[in-house]
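Me: Please take a close look at the nonpolar core of this structure. I should like a connected account that begins with the core itself and then follows the surrounding contacts, salt bridges and strand pairing.

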Amino acid sequence: MQNRLFYRRSAMIPDRARLFVLLAATLFLLATGTISRVFAQGATVAEINSIDLQTVRSSGFVLEQAATISVGATCVDDRKTRPISTMAWILDANTRRPVWEFDPDDAKKRGKRLLELKQQVELPAGAYETYYASFLNWQHDWRGRRIGDIVRNVMDEIFDRDDWGSGDEWQEKYEEVRGDLGVNVRTSASARSVQNVNALAKDFLARAFVTATRVGDDSYLVEGFELNRTMDVDIYSIGEIIDDDRYDYAWIINTDSRRRVWEMDSRNTVHAGGADKNRMSRDRVRLPEGKYAVFYTSDGSHSATEWNAPPPYDPVFWGVTVLVRDRDDLRNVSRFEYENVPLANAIVQLRGMRDDEHRSAGFSVSRPTALRIYALGEGRDGRMFDYGWIIDSETRERVWMMEHRYTEHAGGAVKNRLFDDVVELDAGDYEAHYVTDDSHSYGDWNSDRPFDPAAWGMTIVPADPADANRLTPFDPTARASHLAQIVRVGDDEERYSDFTLEKDSRIRVYALGEGVDRTMYDYGWIENSDTGRVVWEMTYRMTEHAGGANKNRMTNTVVMLPKGNYRLYYRSDDSHSYDDWNASPPIDIEYWGITVSRAR
């Protein structure tokens with residue numbers, strides 16, 4: 001009866017009075033914030049929940065106009081050094097910058113193991129990507145924490161007050177809370193959901209001419225491009241860098257000069273979100289007209305295909321993207337297929353070098369020619385352990401050697417070194433050699449491999465492909481200019497070889513041996529066969545270091561001998577000889593001994 005009476009009386013209220021009552025109620029709701037909360041909730045445009053461990057998931061949305069969104073997220077409370085790390089964030093799909101992220105300091109505690117955050121965010125019209133990640137984070141960052149937090153965490157460890165437990169118990173605890181984890185985005189404005197976030201980056205990519213993204217483990221990517229005028233380009237690259245060690249990173253070279261015009265390192269990168277090792281570079285570089293190549297390399301872990309720690313804010317763009325400032329500038333850019341080392345033109349391919357290996361290749365140069373030498377090897381503290389060199393086949397003089405000071409980092413471990421430059425050689429016959437020690441080589445790395453592992457060794461190509469016809473293979477064993485030779489000498493040997501000079505002649509004596517404390521132990525000499533007199537002898541004073549161990553000694557000299565009959569001798573002691581070295585071998589291993597030839 002009272003209800004009926006109420007309805008009858010309310011129906012009798014004049015329209016103007018009812019409007020007044022409605023307006024008063026509305027003002028009350030606005031004053032208390034109730035109506036704004038109701039309207040702000042609106043419809044769900046992005047939602048991620050119940051996420052598996054070691055997973056990052058995404059959901060996109062597009063705002064047709066500037067709007068307020070309501071974001072609700074629940075994450076694991078990882079403010080103590082525990083193995084689980086969860087993250088939630090929203091990325092602007094056009095700028096690739098985060099516009100919101102879960103901040104534990106703004107969140108409220110929910111139970112023992114969770115944090116809950118509800119916020120309203122003003123966003124302009126545009127496309128957005130929502131992410132949620134749940135990962136193991138054993139390398140939890142202690143930096144920036146108060147000393148009280150650190151002491152409390154240590155006490156928790158000592159007295160086992162850790163909610164997550166130890167061993168596999170944290171996995172069980174995670175399964176208990178997984179259903180509560182997630183992020184939800186709602187808005188009452190005009191908006192639409194997009195499940196495939198890849199489509200949202202189309203405006204950003206509209207300015208791109210190189211896109212090497214979603215890069216996986218053990219990758220080595222190369223893209224060539226040409227600019228028909230000087231212009232500024234934007235470089236957006238995300239990778240893995242720890243201190244000065246680079247594992248996933250990018251660089252750009254001028255393909256004519258072989259010089260690096262830009263590279264990603266610890267100095268020009270900032271934290272990219274997630275694990276500390278996620279680094280991001282946003283650079284603008286002015287490049288002259290010319291041809292260029294973009295490189296990106298990754299190691300064997302932590303990449304877009306399988307993260308081993310919390311991912312960056314922009315996991316989809318792990319890799320490198322190069323863009324013009326204005327879309328109209330794309331007409332000044334063209335792409336071309338670029339092969340970093342054109343093996344079809346290679347005159348020397350000493351590649352895929354393994355432990356304890358020495359290989360060589362001969363080549364002839366018909367006219368002075370510029371050669372590009374691409375050599376990867378192992379070196380540290382100013383010394384090389386896996387390296388190459390080139391010698392003049394007739395004089396045995398070294399014309400080029402891979403020295404640590406002229407190399408740069410080759411990716412992976414710091415000891416991986418690269419020489420990539422042009423060397424001018426005169427007409428003549430040459431021998432290229434490469435030697436490795438007993439560890440860290442192709443197929444058996446004892447540390448992180450280089451970015452181009454198959455090229456471990458030395459490759460030689462003409463700097464100008466048009467000069468390929470100036471280079472031909474050469475077989476050093478076919479040379480018949482030696483008057484006498486005793487090489488590849490082993491332990492406890494004394495060998496000789498006779499030769500005759502029909503006239504007074506200049507001869508070249510090339511000898512390698514062992515010498516310590518000004519005394520020679522493996523050495524050679526020449527006797528006049530008619531008189532028995534020694535006319536030349538290898539002494540310590542006339543030798544120089546022959547590479548490898550300091551006791552490896554070498555002489556390469558020209559002497560005048562009268563016509564007559566001669567005998568060439570070589571003697572070795574009981575250790576450190578060809579194929580039985582007790583220390584690092586010399587550079588010219590195959591010539592351990594003595595060689596006599598006519599001098600030019």
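Reply: A nonpolar core is here a set of buried Ala, Val, Leu, Ile, Met, Phe, Trp, Tyr and Cys residues joined through side-chain atoms within 4.5 Å. Buried means a relative accessible area under 20%. The model discussed below is a predicted one.

The largest nonpolar core comprises 124 residues, and Phe225, Phe363 and Ile460 have the most contacts inside it. Among the contributors to this core, strand S13, which spans residues 231-242, gives the most, with six residues. Apart from this core lies another of 33 residues, which includes Ile69, Phe102, Leu123 and Leu181.

Isoleucine 460 shows how one of these well-connected positions is surrounded. Leaving aside residues up to four places away in sequence, isoleucine 460 touches Ala346, Ile347, Val348 and Phe363. Its contacts also include Leu371, Arg372 and Ile373, together with Ile390 and Ala432. Phe363 thus appears among the contacts of isoleucine 460, and Phe363 is itself one of the residues with the most contacts inside the core.

Threonine 472 reaches part of the same surroundings. This threonine lies in strand S30, formed by residues 471-474. Beyond residues up to four places away in sequence, threonine 472 touches Ile347, Phe363 and Ser364. Ile347 and Phe363 are therefore contacts of threonine 472 as well as of isoleucine 460, because contact means heavy atoms within 4.5 Å and both residues meet that condition in each case. Threonine 472 is partly exposed, because its relative accessible area of 39% falls between the limits of 20% and 50%. Threonine 472 and serine 366 are separated by 106 residues in sequence, while their C-alpha atoms are 8.2 Å apart in space.

Charged side chains provide a second set of links. The structure holds 37 salt bridges. One of them joins aspartate 420 and arginine 258, with an N to O distance of 2.8 Å. Aspartate 420 belongs to strand S27 (residues 416-425), whereas arginine 258 sits in the loop between strand S14 (245-254) and strand S15 (260-263), so this pair ties together parts that are 162 residues apart in sequence. Are the two partners buried or exposed? Aspartate 420 counts as buried because its relative accessibility is 18%, under the 20% limit. Arginine 258 is likewise buried, with a relative accessible area of 9%.

A further salt bridge is formed by arginine 260 and glutamate 408, at 3.1 Å from N to O. Arginine 260 lies in strand S15 and glutamate 408 in strand S26 (residues 408-409), so this link ties together parts that are 148 residues apart in sequence. Here arginine 260 counts as partly exposed at 22% relative accessibility, and glutamate 408 is partly exposed at 34%. Arginine 260 and glutamate 408 also belong to a network of salt bridges that links them with Arg246 and Glu263. Another pair, arginine 178 and glutamate 175, meets in a salt bridge at 3.9 Å, N to O. Arginine 178 is partly exposed, with a relative accessible area of 23%, and glutamate 175 counts as partly exposed at 42%.

The strand pairing completes the picture. One open sheet of five strands follows the order S5-S4-S8-S2-S10, with antiparallel pairing. Its edge strands, each pairing on one side only, are strand S5 (98-101) and S10. Neighbouring strands of this sheet are turned by 20° against each other on average, direction ignored. Within the sheet, strand S2 (residues 55-63) pairs with strand S8 (residues 126-136) in the antiparallel sense over nine bridges. Serine 58 stands opposite tyrosine 131 in S8. S2 also pairs with strand S10 (residues 191-194), again in the antiparallel sense, over four bridges. In S10, serine 193 is the bridge partner of phenylalanine 61, and alanine 191 is the bridge partner of leucine 63.

A further open sheet, also antiparallel, has five strands in the order S1-S9-S3-S7-S6. Strand S1 (43-49) and strand S6 (108-110) are its edge strands, each pairing on one side only. From one strand to the next, the twist averages 20°. S1 pairs with strand S9 (residues 182-187) in the antiparallel sense over six bridges, and arginine 186 in S9 is the bridge partner of threonine 44.

Definitions and conventions. Residues are numbered from 1 along each chain as its sequence is written. This is a predicted model: local features need pLDDT of at least 70, side-chain atom pairs count only at pLDDT 80 or more; totals for chains, interfaces and linings use all residues. Side-chain values use heavy atoms; hydrogens and water are left out. Helices (H or I, at least four residues) and strands (E, at least two) are DSSP runs, numbered from the N terminus. Buried means under 20% relative accessible area, exposed over 50%, partly exposed in between (1.4 Å probe, protein chains only). Two strands pair if DSSP finds at least two bridges between them. Axes are lines fitted to C-alpha atoms, for helices over the stretch in contact, and angles run from 0 to 180 degrees between N-to-C directions. A salt bridge is a side-chain nitrogen of Lys or Arg within 4 Å of a carboxyl oxygen of Asp or Glu.
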